[in-house]
Amino acid sequence: MMKMKNQGKILIVTCLALFMTMLDTLVLGVALPSIQNSFHADMTELEWFLNAYTLTFAVFLIPASLLGERFGRKRMFILGVLLFTIGSILSGFSDSALSLSIARAVQGFGGAFIMPISLTLVYSVFSVEKRAAALGIWSGVSGLGLAIGPLVGGAVIEGFPWQMIFWLNIPIGILVVIFSSLWIPESRGSSKPFDVLGVGLLGIGLFGIVYGLVMGNTEGWGSASVITSIAAGLVLLLIFARRSLKQAEPMINLRFFKNRNYLSFNLAGFWMSAGIFGSIFILTLFLQQGQGFSPLQAGVREMAWTGMTMIMAPLAGLFINRLGSKNILIMGLVLQLFAMLYFAIITLINGAHYPFTTLLPGLMMAGAGMGLSFTPLSHGILTSLAEKDAGEASGVSNAFRELGGVFGVAIAGLIFQMGSAVTSQEQFADHLVPALFVCSAMIAVGLASSLFTRTYKIGASEEKGEYDEKKGVLAN
């Protein structure tokens, strides 16, 4: 165990890097209409500005986690920050929709190293009694990045070119690299061999499925390219799964999923992310294109959502000791489900035109629900397996959530685009309602998954033995 002084410094520098990545999650949202006008982009290209980042992020989370365990967490963490910063520079200098999507993919590649390794570093340096509180702070900083993302994006778009939202990352990235070099000691975990073929099968398979979902409305669901893309993606993922089960040290230990707790928390995280990020994507556009707010006005209004996330995430970490991860997660998912249904119903009744005070309760419920969900998801997954597997568990869980976000954005965009073209604010509202109901359904699946988790409180699950792969449980 490291000295408390070093613990605090490691928490600061990892949270600073996390803040930078989470800021970019929603800072781009309010800028999408401006980028759309700049590049004359359609809805499909807007989806790729988001999915190029999240898909790359999700695919490389697990390989990045394993590289950190094998070659050094500090070294790979700094590499991730450098890649994210370079991707930010390239995004700011992009002159086409394609170049921006590629630059966003570079950002996602860097972010894949930052999130899981920062979580593993925080988890490994704090004692059992203090981990939930440390994870609460980690999640709170994540919420802070989400909270001010729309506001920062809106303020920048009002007074500067949209490229500035990416250049803001450069000084943060430089500071993180400097402080990481000074404060973080090198550490390693398990040294699994790096599976290049496995990464290829997983990455190409996921890309094929997402490409088919995103392009279905544009090229037609019966088109050969869409059917072939989805089918090929599924086949490659099946090959990856079968190959993993036969390997002595697979990239993803699928036997972990025999653990009901681990499986249920991951499924809850996937479906929560699908519903919440799918809805954020279309609601951000609705505030500007459906209700006519400027980017800054939209960003200020979204603070009601993201600000609640920032407030509730640390509180969730503090209450895990008393209530357990399961109970807090269920509360968070219930609030998110109610919020999505509320958004859909008020839009169905009122159309595009209703005062912000009508929207406010739903935004606050959604934000509070997100804040209550992040910490118990991380805590529940990490305490489901033996501590030696924390790095891999972190990578897999974050990959599940990011893939959920990719899936949710693709499905929300798909439902939104169905039917007639959107040419007015009222038509925007008409298309928004079914998309929100679908997002509600995805969150409901996540809620159902959370009911199968076990309620672990601090100390009851973390003082544990090795993972029994045959039984899929922890052997105490």
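In this predicted model, the count of disulfides comes to 0, where a pair of cysteine sulfur atoms would have to lie within 2.5 Å to qualify. A disulfide is a covalent bond between the sulfur atoms of two cysteines. Two of the cysteines can be placed by their accessibility: Cys15 is buried, with a relative accessible area of 6%, and Cys439 is buried as well, at 0% relative accessibility.

From the cysteines we may turn to the overall fold, which is built from 16 helices and 2 strands. For a chain of 476 residues, a compact globule would be expected to have a radius of gyration near 23 Å, and the 21 Å found for the protein agrees with that expectation. Taken along the principal axes, the C-alpha atoms fill a box of roughly 60 × 45 × 45 Å. Of the 476 residues, 61% count as buried, and when contacts between residues at least 6 apart in sequence are considered, 83% of them join residues at least 24 apart.

The outside of the protein comes next. The protein exposes about 17,400 Å², of which carbon and sulfur atoms supply 70%. On this surface there is a nonpolar patch formed by Met310, Ile311, Leu315, Leu318, Phe319, Leu323 and Met331, which together have about 580 Å² of accessible area. The element that gives the most to the patch is helix α12, spanning residues 295-323, with 6 residues. Ile311, one of the patch residues, is found in helix α12 and is partly exposed, its relative accessible area being 45%.

A backbone detail is found at His40, a residue other than glycine whose phi nevertheless takes a positive value, near 55 degrees. His40 lies in the loop between α2 (32-39) and α3 (43-71), and with a relative accessible area of 71% it counts as exposed, because exposed residues are those over 50%.

Charged side chains complete the picture. Side chains of opposite charge can pair when their charged atoms come close, and the structure holds 3 salt bridges. In one of them Arg73 pairs with Glu69, the closest N and O atoms being 2.9 Å apart, and both Arg73 and Glu69 are buried.

A further salt bridge is formed where the side chains of Glu186 and Arg75 meet, with an N to O distance of 4.0 Å. Glu186 sits in the loop between α8 (169-183) and α9 (196-219), while Arg75 belongs to helix α4 (residues 73-92), so this pair ties together parts that are 111 residues apart in sequence. Glu186 is partly exposed at 33% relative accessible area, and Arg75 is likewise partly exposed, at 44% relative accessibility.

The remaining pair to describe is Asp195 with Arg243, a salt bridge in which the closest N and O atoms are 2.6 Å apart. This pair, too, links distant parts of the chain, since Asp195 is in the loop between α8 and α9 and Arg243 is in helix α10 (residues 224-246), 48 residues apart. As for their surroundings, Asp195 is buried, with a relative accessible area of 11%, whereas Arg243 is partly exposed, with a relative accessible area of 25%.

Note on methods
Residues are numbered from 1 along each chain as its sequence is written. This is a predicted model: local features need pLDDT of at least 70, side-chain atom pairs count only at pLDDT 80 or more; totals for chains, interfaces and linings use all residues. Side-chain values use heavy atoms; hydrogens and water are left out. Buried means under 20% relative accessible area, exposed over 50%, partly exposed in between (1.4 Å probe, protein chains only). Patches are made of residues with over 30% relative accessible area and no salt bridge: like charges are joined within 9 Å, nonpolar side chains (Val, Leu, Ile, Met, Phe, Trp, Tyr) within 5 Å. Accessible areas come from the Shrake-Rupley method with a 1.4 Å probe; for residues, only the protein chains shown count as cover. Helices (H or I, at least four residues) and strands (E, at least two) are DSSP runs, numbered from the N terminus. The radius of gyration is taken over C-alpha atoms; the globule rule is 2.2 Å times the number of residues to the power 0.38. Contact means heavy atoms within 4.5 Å.
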